[in-house]
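What follows is a guided walk through one protein model, meant for someone meeting it for the first time. Please keep the sequence and the 3D view at hand while reading.

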Amino acid sequence: MSFAPDAAEAATDALLQAIVKSERVAATFSAVCDGGSLTTWREPGRSLLGPSSSGPITDPVGTRYWAKLHRLGEGIFADEGLDALDEANMHVVQMDPRHSDWRAMVLESVWFDIGRAA
């Protein structure tokens with residue numbers, strides 16, 4: 001999926017708004033909502049690339065949100081590079097000042113490996 005940076009930022013903003021409003025995705029994003037460590041999903045201190053896939057998926061809706069956010073980040077990176085991804089992160093965080101800290105943690109968690117993987 002490839003979006004222009006502005007369209008990707010708008011789509012990312014819309015997904016983050018939906019996550020904040022939905023109690024159904026709490027399982028996947030609980031570590032971030034509770035101020036957990038970046039890249040931590042459900043198990044404090046255990047760093048994972050997204051939700052754990054080693055067991056049954058307990059939050060399929062949250063897992064889909066995570067995957068959509070990740071694809072949006074990959075699209076920004078593929079089209080414009082790492083600097084554009086970092087800039088998009090900053091813009092999306094600033095779109096909702098009330099949830100800016102949470103948004104920053106979510107996007108850093110979801111996008112941490114894009115363009116940086118070894």
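Before two helices can be compared, their axes have to be fixed: an axis here is a line fitted to C-alpha atoms, for helices over the stretch in contact, and the angle between two axes runs from 0 to 180 degrees between N-to-C directions. Two packed helices are described by the angle between their axes and the distance between the axes. With that in mind, it should be said at once that this is a predicted model.

The overall plan comes first. The secondary structure of the protein comes to 5 helices and 0 strands, and reading along the sequence gives the pattern α-α-α-α-α. The protein has 118 residues, of which 40% count as buried. Among contacts with a separation of 6 or more, 69% are between residues 24 or more positions apart.

One way into the fold is through helix α3, which covers residues 60-80, has 21 residues and reaches 30 Å from its first C-alpha to its last, close to the 30 Å expected at 1.5 Å a residue. Its buried residues are Val61, Gly62, Tyr65, Trp66, Leu69, His70, Leu72, Gly73, Gly75 and Ile76. An α-helix has 3.6 residues a turn, so residues three or four places apart point the same way. That spacing can be followed in part of the list of buried residues, which includes Tyr65, Leu69, Leu72 and Ile76. Valine 61 of this helix also offers a link to another region, since serine 22 and valine 61 are 39 residues apart in sequence and 9.7 Å apart in space, C-alpha to C-alpha. Serine 22 itself lies in the loop between α1 and α2, and with a relative accessible area of 22% serine 22 is partly exposed.

Just after α3, glycine 81 takes a positive phi of about 95°, and the chain then continues into helix α4, which spans residues 82-94. Helix α4 has 13 residues and reaches 19 Å from its first C-alpha to its last, close to the 18 Å expected at 1.5 Å a residue. How do α3 and α4 cross? Their axes come within 7 Å and cross at roughly 135°, which makes α3 oblique to α4, and the crossing is right-handed. Where the two helices touch, Gly73, Ile76, Phe77 and Glu80 in α3 meet Leu82, Ala84, Leu85 and Ala88 in α4.

Helix α4 also packs against α5. The axes of these two helices come within 9 Å and cross at roughly 150°, and because angles over 145 degrees count as roughly antiparallel, α4 is roughly antiparallel to α5. Here, too, the crossing is described as right-handed. The contact is made on the α4 side by Leu85, Ala88, Asn89, Val92 and Val93, and on the α5 side by Ser100, Arg103, Ala104, Leu107, Glu108 and Trp111. The α4 residues named in that contact can be set beside the buried residues of the helix, which are Ala84, Leu85, Ala88, Asn89, Val92 and Val93.

One residue of that contact, arginine 103, leads on to the charged side chains. How many salt bridges does a search of the whole structure find? The search finds 3. In one of them, the side chains of arginine 103 and aspartate 13 meet at 2.6 Å, N to O. Arginine 103 lies in helix α5 and aspartate 13 in helix α1, so the pair ties together parts that are 90 residues apart in sequence. Arginine 103 counts as buried, at 1% relative accessibility, and aspartate 13 counts as buried as well, at 13%. Leaving aside neighbours within four places in sequence, aspartate 13 is in contact with Val92, Met95 and Arg103.

Arginine 103 also forms a salt bridge with aspartate 96, at 3.9 Å from N to O; both of these residues are buried. Aspartate 96, in turn, forms a salt bridge with arginine 98, the closest N and O atoms being 4.0 Å apart. Is arginine 98 buried or exposed? At 72% relative accessibility, arginine 98 counts as exposed, whereas aspartate 96, at 12%, counts as buried. Through shared partners, the salt bridges join Asp13, Asp96, Arg98 and Arg103 into one network.

Methods: Residues numbered from 1 in each chain as written. Predicted model: local features only at pLDDT ≥ 70, side-chain atom pairs only at ≥ 80, totals over all residues. Heavy atoms only, no water. Helix = DSSP H or I, 4+ residues; strand = E, 2+ residues; numbered from the N terminus. Buried < 20%, exposed > 50% of the residue type's maximum accessible area, 1.4 Å probe, protein only. Expected span 1.5 Å × (residues − 1). Parallel < 35°, antiparallel > 145°, perpendicular 65-115°, else oblique. Left-handed = near helix turned anticlockwise from the far one by under 90°. Contact = heavy atoms within 4.5 Å.
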